[in-house]
Amino acid sequence: MDGLRLGEILRELSFTSSLSDSARARIGEIATLACFPVGSVLFREGGGNPNFFLIREGRVGLDMNVPGRGPVRILTLGPGDMVGWSALIGSGEMTTSAMALENTEVIVCPGKKLMELSASNHEIGYQFMNRVAMALAHRLTSTRLQLLDLFEDPPPVLSAMRGESRGER
Amino acid sequence: MTEQLTTQSEHPNYWVPHPVVIEKVRQEVPRVATYELAFVDSATAGDYRFAPGQFNMIYVPGVGEVPISLSTDPNSRRTWAHTIRTAGNTTHAIEQLGAGAMIGMRGPYGTAWPLESSAGGDLLLIAGGIGLAPLRPVIYHVMAHRANFGRVTLLYGARSPDTMLYRDESDLWSRCGVEIETTVDRASSDWQGNVGVVTLLLARLRELRIQRTVLMICGPEVMMRHTVKAACDRGIQHDQIWVSLERNMQCAVGLCGHCQLGPSFLCHDGPVFRYDAVAPFMAIEGL
Amino acid sequence: MASGDPQDQDMVARLLPIAALDELLGLLRDQGYEVIGPTIDQDAIVYDTIASTDDLPRGWTDEQQPGSYRLKRRDDDALFGYVVGPHSWKRYLFPPLTTVLVSERTESGWRMRSPEEESPRYAFLGVRACELAAIAVQDRVFAEGDYVDPIYQSRRNNAFIIAVNCTQAAATCFCTSMDTGPRCRAGFDLALTELSTGFVVEVGSERGAELLDQLALRDATQDELNRANEARHVAVTQIQRKLDTSDVHDLLLNNLEHPRWNAIATRCLSCTNCTMVCPTCFCSSVEELPNLSTERVERQRHWDSCFNVDFSYMNGGTVRNSIRTRYRQWLTHKLATWTDQFGTSGCVGCGRCITWCPVGIDLTEEVAALRKLT
């Protein structure tokens, strides 16, 4: 893939736009562009996945398998989002399955090469991991909001006393 | 000596509701229905006007009274729709009464969404759950005055696909130039749309014209606060953001004390507020 | 030692002999007023219907401290030798329980209407300066905003006010800090200052003047005016408590998370006494009262209090879920946000909340503590 075009893409993509020019350049050297047609799988839950992805266009759904319920979609991701951070952190075993919900264009960074780059160049490593940490923190907050079940209808509160309904007079 | 306070005839008893009939009931999603109310007295119908964002007090004699936002076209002339979730005694009674029953309605009360002052700008409407109901009149207004606004976007988050309101109207809204993106907290097995909180839709929204955007948010308070944060991360200022707040309301005219948040009476200074006016008070727990 | 109050030169002052007070009350009754005045009930001086001056607490006084109220015998026969008790005039203008709507079932549904009640005509005897200020505060709330309470308005228009200038102060009084007293300046039809030989009476309205003209009264002598001045000045010198209001709005609103609120919360019982005795508190709730056949329903408004647990209940939860948050709401509303809402403080310095708090919380002390600790 043309290095210049990739550099441009990395400059525009929200995940990488705030990195320094040199960081982007080095990442650009190890990254490639790829296309996942609708319905194709980026990685499977429980399996290995050597790649860290950044979505440029399209949509990816993350599913977790619940015995008895089948695959449950827990999150959808779009342009600017990272997918497959388990390739960098942890045992490399994926916690979700990722499927392209539309024709999706991604930037592919082999996890091993990213980690080698970070180890050999701590400045770039720090910048990159900082971005990963921020994205994970953001995802954690969003997950907590999902967990709060804010839109859940509380069960109707009916009281036996005349007119003494709590809050409705 | 104290001067005579203004005479009685100039100030009718604000407690007296107008009799209205539930003309039609449309079940929306489990425990939520839209009730179309018609005034018994047609002269009242002729005079009644409301602005998007305002609410009525809906009264069931012998049971109680609840504040419900109007969720209908502001150009309504005959019936006025209110989307109501059954949550307590009075809303339960309304659900049980159903079409044909006579109840009471007084209003409209409260402040409205800033449709006049946002003309010429882009509207970004963000709704969560039943919070879409008080924003629906805005969409009607936009459809009737589309040329007054630039880009109009609705970001809507619901718990699950089967609790999304007004799904059968989204085609019409889209055709009238409202861009719609939806998301759910919990997907069903056949849902192919977005999954995740509605703030993620805001983070990903493309080609946002920050300077000319007016943001109107309605939903649970936690959701509104996080949406505001996501908006500020995109560069939108507090004075471009409007929220609709909720508190215990009984008199609706600022005289019973229940609906206070700091110095504001929500029934009178709200429920629609520009965010910079209420931000410091919303930040304090239990205020 | 006359205080030289410039107001004294402006007002017409006559002398009302003690014996003539009953005649005055009789004239009011002839005009259809029900006379409400101070009287002793259950060891306290309350406001109730009085038939004559015999019902007044002649020769009694009150001793008040945080959490304490006691009646004591005086060594004279003064009719108004005390200050304020647990009642305020708001119970007559803004009744504790009243019907605001009547709904009657019809063939097609409901007929909903105002209750057809004639508004009572009250003559209030013995209204103190702080209470005149409190009535003015409630006027602003109920009758001078965008929405007017018709019940308050008609009772208020019908009310005849005979004020009484305080000639002493209780330990819990702080009207001087709130600039509401102890001198009665305006808002009354007649104002009395009690001397041992009679009342110096000032006219504050045309209605008051017309009533007074029906009694043949002579002007008060200079000596009587001087003695009235001195008597009123005693009240000023007896004030012990102070509340610095110069910065109280921002002091409270800038310290909403101050640890002092936690300290108060360990003492406060959230019992609502303070709001019940406060002459300006106006929170209320409404309830449905159907008759047995449910054919007729009354919507009743009753006094409520921000200290009640359910006061801020909404959608499955209570916003102010602790004594700390509820006490904070009460005090910040009374002294700070009230000003934003109505242009005046909500407090008139009557001291009732201090006296009638079962644990003796003193808001003048709390404000001073907040100020010192920030």
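**Exercise 1. Chain A**

In what order do the elements of chain A run from the N terminus on? Determine the order, then describe burial, contacts and surface.

Solution. This is a predicted model, in which local features need pLDDT of at least 70 and side-chain atom pairs count only at pLDDT 80 or more, while totals for chains, interfaces and linings use all residues; side-chain values use heavy atoms, without hydrogens and water. Residues are numbered from 1 along each chain as its sequence is written, and chains are lettered from A and ligands numbered from 1 in the order in which they are written.

- Step 1. Helices (H or I, at least four residues) and strands (E, at least two) are DSSP runs, numbered from the N terminus.
- Step 2. Chain A has four helices and eight strands. Their order is α-α-β-β-β-β-β-β-β-β-α-α.
- Step 3. Buried means under 20% relative accessible area, exposed over 50%, and partly exposed in between (1.4 Å probe, protein chains only). Of the 169 residues in chain A, 47% are buried.
- Step 4. A contact means heavy atoms within 4.5 Å. Take the contacts in chain A between residues at least 6 apart in sequence: 75% of them join residues at least 24 apart.
- Step 5. Accessible areas come from the Shrake-Rupley method with a 1.4 Å probe; for residues, only the protein chains shown count as cover. Chain A exposes about 8,500 Å², and carbon and sulfur atoms supply 57% of this area.

**Exercise 2. The overall form of chain C**

Why does chain C count as being as compact as a globular protein of its length? Work from the elements to the charges.

Solution.

- Step 1. Count the elements: chain C holds 14 helices and 15 strands.
- Step 2. Compare radii. The radius of gyration is taken over C-alpha atoms, and the globule rule is 2.2 Å times the number of residues to the power 0.38. For 374 residues the rule gives 21 Å; chain C has 22 Å, which is close, so chain C is as compact as a globular protein of that length.
- Step 3. Box the chain. Along the principal axes, the C-alpha atoms of chain C fill roughly 65 × 65 × 40 Å.
- Step 4. Check burial and contacts. Buried residues are 61% of the 374 in chain C. Of its contacts between residues at least 6 apart in sequence, 72% join residues at least 24 apart.
- Step 5. Take the surface. Chain C has an accessible surface of about 14,900 Å², with 48% belonging to carbon and sulfur atoms.
- Step 6. Place the charges. Lys and Arg count as positive, Asp and Glu as negative; His and the chain ends are not counted. Each charge sits at NZ of Lys, CZ of Arg, CG of Asp or CD of Glu. Chain C has 38 positive and 52 negative side chains, and the centres of the two sets are 5 Å apart.

**Exercise 3. The core and two residues of chain C**

Which residues have the most contacts inside the largest nonpolar core? Then examine Gln329(C) and Trp303(C).

Solution.

- Step 1. A nonpolar core is a set of buried Ala, Val, Leu, Ile, Met, Phe, Trp, Tyr and Cys residues joined through side-chain atoms within 4.5 Å. The largest has 117 residues, and Phe124(C), Tyr327(C) and Trp330(C) have the most contacts inside it. Helix α4 (residues 129-143) of chain C gives the most to this core: ten residues.
- Step 2. Leave out residues up to four places away in sequence. Tyr327(C) then touches, among others, Trp261(C), Phe307(C) and Glu366(C).
- Step 3. Gln329(C) lies in helix α12 (residues 323-342) of chain C. Gln329(C) is buried because its relative accessibility is 6%. With residues up to four places away left out, Gln329(C) touches Gln260(B), Cys306(C) and Arg320(C).
- Step 4. Trp303(C) is in strand β13 (residues 296-303) of chain C. At 14% relative accessible area, Trp303(C) is buried. Beyond four places in sequence, its contacts include Lys90(C), Pro95(C) and Met276(C).

**Exercise 4. Backbone exceptions**

Which peptide bond has omega near 10°? Locate the cis bonds and the positive phi values.

Solution.

- Step 1. Most residues other than glycine have a negative phi, and most peptide bonds are trans.
- Step 2. The bond from Gly270(B) to Pro271(B) is cis, with omega near 10°. Pro271(B) sits in the loop between β14 (264-265) and β15 (272-274) of chain B.
- Step 3. The bond from Gly107(B) to Pro108(B) is cis too, with omega near 0°. Pro108(B) belongs to strand β6 (residues 102-109) of chain B.
- Step 4. Glu207(B) has a positive phi, near 55°. At 68% relative accessibility, Glu207(B) is exposed.
- Step 5. Ser270(C) has a positive phi near 55°. At 12% relative accessibility, Ser270(C) is buried.
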